[in-house]
Amino acid sequence: MMKPVCWFEIYVQDMARAKAFYEAVFDVQLEELPSPSADEEMLAFPGAMEEAAGSSGALVKSGNWQPGTAGTGTVVYFACEDCAVQVARVAASGGKVLQEKISIGDYGFAALIADTEGNSIGLHSMR
């Protein structure tokens with residue numbers, strides 16, 4: 001079965017600031033990704049594109065696209081062991097907590113945050 005989502009892009013204005021935020025909150029190392037355009041800069045989240053489960057993506061700084069407004073638009077949810085851990089890192093990393101960790105019943109727990117660029121990001125965990 002194909003993944004319903006195979007890739008995502010989170011648009012940023014300040015790549016260094018966004019990189020520091022995502023690496024601190026998710027405790028990951030983003031990697032440079034060759035861009036198809038000279039006016040774009042891309043940093044990829046870790047993950048193998050050929051894996052059947054999950055999705056990978058990148059931060060993108062582009063002259064053609066801008067970040068969203070927190071609380072509106074599409075929300076990408078990041079899988080976490082316990083989303084409270086990431087929520088606790090958000091403010092110190094320059095973001096905002098939009099919704100603390102809440103139970104979503106049989107589907108685990110969720111939280112909503114805003115990154116340093118104004119994008120809304122979801123967090124999901126089963127504990």
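**Exercise 1. K19 and its partner**

Decide how K19 should be classed by its relative accessibility: buried, partly exposed or exposed.

*Solution.* Start with the classes: buried is under 20% relative accessible area, exposed is over 50%, and partly exposed is what lies in between (1.4 Å probe, protein chains only). K19 comes out at 25%, so K19 is partly exposed. Bear in mind that this is a predicted model, where local features need pLDDT of at least 70, side-chain atom pairs count only at pLDDT 80 or more, and totals for chains, interfaces and linings use all residues. Residues are numbered from 1 along each chain as its sequence is written, and side-chain values use heavy atoms, leaving out hydrogens and water.

Now look across to E23, whose side chain meets that of K19 in a salt bridge, 3.1 Å from N to O. The term stands for a side-chain nitrogen of Lys or Arg within 4 Å of a carboxyl oxygen of Asp or Glu. E23 has 15% relative accessibility, so E23 counts as buried. Both K19 and E23 sit in helix α1, four residues apart, or about one turn of the helix. Helices (H or I, at least four residues) and strands (E, at least two) are DSSP runs, numbered from the N terminus.

**Exercise 2. The other salt bridges**

Find how many salt bridges the whole structure has, and say where the partners of R17 and K101 lie.

*Solution.* First, the count: a search of the whole structure gives three. In general, side chains of opposite charge can pair when their charged atoms come close.

Next, take R17, whose side chain meets that of E117 at 2.8 Å, N to O. R17 is in helix α1 (residues 15–26), while E117 is in the loop between β7 (109–114) and β8 (120–125), so this pair ties together parts that are 100 residues apart in sequence. As for exposure, R17 is partly exposed at 36%, whereas E117 is buried at 8%.

Then take K101, which forms a salt bridge with D82, with 2.8 Å between the closest N and O atoms. K101 belongs to strand β6 (residues 96–103) and D82 to the loop between β5 (76–79) and α2 (83–90), 19 residues apart, so the pair links distant parts of the chain. K101 is partly exposed, with a relative accessible area of 28%.

**Exercise 3. Two open sheets**

Work out the strand order of each four-strand sheet and identify its edge strands.

*Solution.* One open sheet runs β1-β4-β3-β2, with mixed pairing. Two strands pair if DSSP finds at least two bridges between them. Its edge strands are β1 (7–11) and β2 (31–33), each pairing on one side only. The twist here averages 35 degrees from one strand to the next. Within this sheet, β1 pairs with β4 (residues 56–62) in the parallel sense over five bridges, and I10 has L59 of β4 as its bridge partner. Helix α1 packs on the sheet, touching β1, β3 (40–44) and β4, and its direction makes about 155 degrees with that of β4. (Axes are lines fitted to C-alpha atoms, for helices over the stretch in contact, and angles run from 0 to 180 degrees between N-to-C directions; contact means heavy atoms within 4.5 Å.)

The other open sheet has the order β5-β8-β7-β6, and its pairing is mixed too. Here β5 and β6 are the edge strands, each pairing on one side only, and the twist averages 20 degrees between one strand and the next. β7 and β8 pair in the antiparallel sense over six bridges, with A114 opposite S120 in β8.

**Exercise 4. Around C80**

Place C80 in the fold and list what it touches.

*Solution.* C80 is in the loop between β5 and α2, and C80 is buried at 12% relative accessible area. Leaving aside residues up to four places away in sequence, C80 touches F26, Q86, L123, H124 and S125. Its C-alpha atom is 25 Å from that of K61, 19 residues away along the chain.

**Exercise 5. The whole chain**

Put the pieces together: in what order do the elements run, and how many of the contacts are long-range in sequence?

*Solution.* The protein has two helices and eight strands, running β-α-β-β-β-β-α-β-β-β from the N terminus. Of the contacts with a separation of 6 or more, 58% are between residues 24 or more positions apart. Buried residues make up 37% of the 127 residues. Finally, the C-alpha atoms fill a box of roughly 45 × 35 × 25 Å along the principal axes.
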